[in-house]
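This report covers the packing, overall dimensions and ligand surroundings of one protein chain. The sequence and structure come first.

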Amino acid sequence: MDTTSLYIHIPFCSRKCLFCSFVMAAGQEHRREEYVNALIREMKNEAGKKLKSIYFGGGTPSMLDEKHLDTLMDAIRNDFSYQNDIEITIEVNPESINYQKAALLKRNGFNRVSLGVQSMNDRYLKFLGRGHDVSAAQNAFYVLREAGFDNINLDLMYAFPGQTQEELEEDVRAVSLMGSEHLSLYTLTIEPKSRFFAAQMKLDDDEKLAEHYLLISHILNEYGFKQYEVSNFSKPGFESEHNRNYWRGYPYIGLGVGAHGFTGRRRYWNTSRLQDYLDLMAQGKDVIEGYEDLTDDQLIMEKVLFGLRMNEGIPWTLVPPAKAELIQIWIHGGFLSIEKGYLKTTDRGRLLLDELSSRLI
Ligand code: SF4
């Protein structure tokens, strides 16, 4: 039987961070039960499939309480089959976790937690409009450890306007010293739906950001993190199965408001307004707002583009003949390399990957 990954979107947040452009809903906690019931109904469309990873993203999935988590996980166990050692991740914000909640997550089968730390500098946490400070982030991490989580990702953000090299270095060292198994790196971007965009926030120049990116990978390397994707670093053996599944172009189911899914041929996305999602589900209607069927050429190109994000690269045989000449030029330029029949992005190429990708399309 073919396997697939499962993504479940939980949009609830206690407040909106100033950089946020995700599908989220602040102050809507009273709708959690209605939402969980809608998710369970949507899940029925996919029942019977075999899963290879499960990911609860948001929003703030850790805002679900005991009853919601028990009900959702029961439904997943009933509707799908999967191996006992499947990776089950949940995103957690420092302010929404305590020992009791961490133990509840553990009891419900979650074995990987992604903690939204973002920075170990209180001034920048305030700047981002986060609902926690550094000590809350540290406390959340230790509470998770105490509850038995031995696979924790920390999110780290950089590229704050005016951030100095010293501040960045301090931040990366502080987050590394916490001792997590995985680290996801986010560059601050100003997205149209964010409050930073409304405030016309300006970012520092690309040259500085490229230097900072190289500094981060260098420091993370010192602390035993190995880069396996442009923005993801892990201790050996702790690469995220779920995310690797996306980058390898494998199928995944997306459930919930704003969720995206991929069948292996069709990419689809759900309505991104919570009210619409709940209304459509209540009326027994389809919540898929749009889809795109990819051609064979598009599928190959996606595999190439996503594959080049990963350090493992892609087999050279995957490269479309029409693109081979351009790729050879980039190999000579030091942006890509070939190792044992695999095309890989070099450190230099990683800095320009978005640019290279757009020229490949
Ligand atoms: S960044 Fe995350 S926690 Fe902050 S508002 Fe957006 S979804 Fe919620």
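## Core packing

Setting aside neighbours within four places in sequence, Leu144 is in contact with Ile97, Ala102, Val113, Leu115, Phe149 and Ile152. The model is predicted. Leu144 belongs to the largest nonpolar core, which holds 75 residues. The members of this core that touch the most other members are Tyr7, Leu39, Val113, Leu115, Leu144, Leu156 and Leu183. Two of these, Val113 and Leu115, also appear in the list of contacts of Leu144.

Another core lies apart from the largest one and has eight residues. Val304, Ile314, Leu336 and Leu356 are among them.

## Overall fold and dimensions

The protein chain contains 14 helices and 17 strands. Among its contacts with a separation of 6 or more, 69% join residues 24 or more positions apart. Of the 361 residues, 39% count as buried.

A compact globule of 361 residues would have a radius of gyration near 21 Å, and the protein chain agrees with this because its own value is 21 Å. Along the principal axes, the C-alpha atoms fill a box of roughly 55 × 50 × 40 Å.

## Ligand surroundings

Which residues are around the ligand? They are Cys13, Lys16, Cys17, Cys20, Phe22, Met24, Gly58, Gly59, Thr60 and Asn93.

By residue class, the shell around the ligand divides into five nonpolar, four polar and one charged. The charged residue is Lys16. Cys13, Cys17, Cys20, Phe22 and Met24 are the nonpolar ones, while Gly58, Gly59, Thr60 and Asn93 count as polar.

How values were computed. Residues numbered from 1 in each chain as written. Predicted model: local features only at pLDDT ≥ 70, side-chain atom pairs only at ≥ 80, totals over all residues. Core = buried A, V, L, I, M, F, W, Y, C linked by C-beta atoms within 7 Å. Buried ≥ 20, exposed ≤ 12 C-beta atoms within 10 Å, placed from the backbone. Contact = placed C-beta atoms within 7 Å. Helix = DSSP H or I, 4+ residues; strand = E, 2+ residues; numbered from the N terminus. Rg over C-alpha atoms; globule rule 2.2 N^0.38 Å. Near = placed C-beta within 6 Å.
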